[in-house]
Every structure is written in C-alpha cells, then in structure tokens.
Amino acid sequence: MTAKLPHRAARRLALGGLLAAGLALATAGARAEEVVNVYTTREIGLAKPLFDAFTEKTGIGVNSVFVKDGLAERVKAEGAASPADVLMTVDVGALLDLVDQGITQPVRSEVLESAIPANLRGADGSWYALSMRARVAYAAKDRVSLDALHYEDLAAPEWNGKLCIRSGKHPYNTALIAAYIVHHGEAAAQKWLEGVKANLARKPAGGDRENARDILAGICDLGIANSYYVGLMRSGKGGPEQEEWAAAIRVVLPTFEGGGTHVNISGASVAKNAPNKDNAVKLLEYLVSHEAQELYAKSNFEYPVVAGAPIDPIIAAFGPLKIDDIDLVAIAKARKAATDLVDTVGFDN
C-alpha cells in the first residue's frame, strides 16, 4: 500500500517538482549561456544584487528559488534530478543540517580556503560562510551607561525587569544558548538561562527590531538582537518609524568571558547532484571577493567574512568586532541541548 502524504505536504512536493522541472528545462535550454541554480532560504531581494553582479562579471546566469521552509526535504524529493547547484542558508545550524543529511558535496578551492578563516568553513570543504552577523545588545541611549558587557552578565540582578528578547527557540537565540553551553556546560547554561528569564521585562516575543521599539517605549532598557537590523533601521529601509526606534538605542558588542562576540553566518554548500558544479564553485568564489563582500555589507549590513573587506559605516561605528573563536560546528551540535533548556526553564512561557 502506498502511504498518502497530507494534502499540504503533497501539494508542496508537487509544486517543488514543477519548479524543479522548470529550472531543469531552463538549464538545458541555456547551456550556451551558462547558468547556476541556487536554492536559498534568504529572501531573493536581498541576494539579487549579488547574483546580478556575478552575472555581469562572469556572464553566468543565476536562477534563484526562495525556499522558506523544507529546503532539505525538497532537495531529497527531487533526488538525482534536482537542478540545485548551490544551497544557501542564513543560519549555520541549518547549513550543517544540509551537510548531515547528505545532500551536499565537498569542494576544494584555493580561493575559498585562502579567503575564509578556518573556523568559518567546513574542514572538508562541505560548507562555507559568506557573511556574518553579531548577536549584540541594544541599550537605551538615555537610561543606560554601558560600554562593555559579557553575555554572562545578562543573568545579573541589575537587569531585573529590564531585558527584552525574542523567543528562546528562534535560531538566533538557540545558537547563542548553544554557544553558552559550549563555553560553560549545560548545568551552568541552565542556571544562566533561568537568570535571564528572571530579568525579562516581558514574555519573549516579536523580532529583534521590536526590542528597539520596546526600549523606546520604556518597556525595557536592554535588548538582545542581531547587528544588521540596526543598519536596516538607521538607513531608512525599515521606514521612518523604525528610524525612530533605532535612534533610541546604542549598540554594545558583548563578549563571553575569556572569549569574543557570538556570530552567526549566512553560508552555502554545493548540492550533491549539482548539474553545474563548476559554475557553483565560481559563484561561491565570487561571493568571497571584496566586491561581493562589500555588496553584502551595503545590501544587508552584514559583517564580511574576508579580512580587510569594507564594513558599512553604520556597523563599523559599533567598534572593533572580536569574533568568538569557538567552533561553529560545536555550536550547531549543541542546538538540541539548547532547545531542551528553553523548555526546561519555561523560557518562552
């Protein structure tokens, strides 16, 4: 007997099959032009300037498909006929999940290996970081005098009733909690998370930018959020209201005691059955060029992974970034334990 998929799942796979067939036909019909097919969890609007610049520079066309959820399931369903060449994600855990599920392939490239630090790429060439974002503190400009902060301090009594944060189960916070586990162990991480929960001004909710909104409203004095949202707000890309939110905060780069600032990455792997593998490698190599790294900084206010690449002035104004040097793979492996701790302490309740 053939098992039936739930209607929504069947519909999603059917749509995925149609899109894959369309991309395959486009690829077959455009061999003379040269193409690379990208499946990405990053919204296409953010990645398009990079893809357009790559095409202009190389003549290789980029077919991109936004896959909000179920990227691994889609590629698995397409199997050996998948047109995907490059798989891009906005979280290291999601990227390593693709590697673990066997739908990527390692590639060796002197360009990638010389441009990207060893702790920001797979040792076997199975994944590569392309940009970074830091998990920072938004502090109330008119109420908090703060030049330095340790993540460990977020559980200190001085922040009682003054802290805002989004859900502990959001990947950005799961990764931070996982990093704490790697630094200090699960028992210490649980105690810390209980202290952070006790300091909350409201239930964990909303997105990172809402922390700035609530600081302006006087609900909290300190928020934990990603660095690039400040660029989006202060540049006007979020609208006049968000410019006002951003004007109410100053940014502090926290560090772990004895370590550095926690970062997460956007990154990519070459798909296991990539029909245009050489072009996939060329795209990744272009994305770590200074030209592309500057485009990352301008379009989404992210930190470059390549030393010496330009940083947007809004982000550079936060001060020097000392990246925490613990292994991103270790952080990814600790995510399950981090999620369990969120449940154990009832963090989101």
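Here are three short exercises on helix packing and residue environments, each with a worked solution.

This is a predicted model, in which local features need pLDDT of at least 70, side-chain atom pairs count only at pLDDT 80 or more, and totals for chains, interfaces and linings use all residues. Residues are numbered from 1 along each chain as its sequence is written, and side-chain values use heavy atoms, with hydrogens and water left out.

**Exercise 1.** Work out how helices α2 and α12 are oriented to each other.

Step 1. Locate the helices, which are DSSP runs of H or I with at least four residues, numbered from the N terminus. Helix α2 covers residues 44–58 and helix α12 covers residues 290–300.

Step 2. Read the geometry, with axes fitted to C-alpha atoms over the stretch in contact and angles running from 0 to 180 degrees between N-to-C directions. The angle is about 155° and the axes are 9 Å apart.

Step 3. Classify the pair: angles under 35 degrees count as roughly parallel, over 145 as roughly antiparallel, 65 to 115 as roughly perpendicular and the rest as oblique. So α2 and α12 are roughly antiparallel.

Step 4. List the contact residues (heavy atoms within 4.5 Å). From α2 come L46, P49, L50, A53 and K57, and from α12 come E291, A292, L295, Y296, S299 and N300.

**Exercise 2.** Decide whether S299 is buried or exposed, and find what it touches.

Step 1. Recall the scale: buried is under 20% relative accessible area, exposed is over 50%, and partly exposed lies in between (1.4 Å probe, protein chains only). S299 has 16% relative accessibility, so it counts as buried.

Step 2. Leaving out residues up to four places away in sequence, S299 touches L46 and K237.

Step 3. Now widen the view to the helix. The buried residues of α12 are A292, Q293, Y296, A297, S299 and N300. Their packing partners include α2, β3 (86–89) and β5 (128–140).

Step 4. Look just past the helix: α12 is followed by F301, whose phi is positive, near 60°.

**Exercise 3.** Describe the surroundings of T174, then find its C-alpha distance to K336.

Step 1. T174 sits in helix α6 (residues 171–184) and is buried, at 7% relative accessible area.

Step 2. A polar atom of the T174 side chain lies 3.5 Å from the backbone oxygen of K169.

Step 3. Beyond four places in sequence, T174 touches G168, K169, R335, A338 and T339.

Step 4. K336 belongs to helix α15 (residues 335–344) and is exposed, at 56%. K336 and T174 are 162 residues apart in sequence and 8.6 Å apart, C-alpha to C-alpha.

Note on methods: Helix = DSSP H or I, 4+ residues; strand = E, 2+ residues; numbered from the N terminus. Polar contact = N/O pair within 3.5 Å; in protein donor to acceptor, adjacent residues only side chain to side chain.
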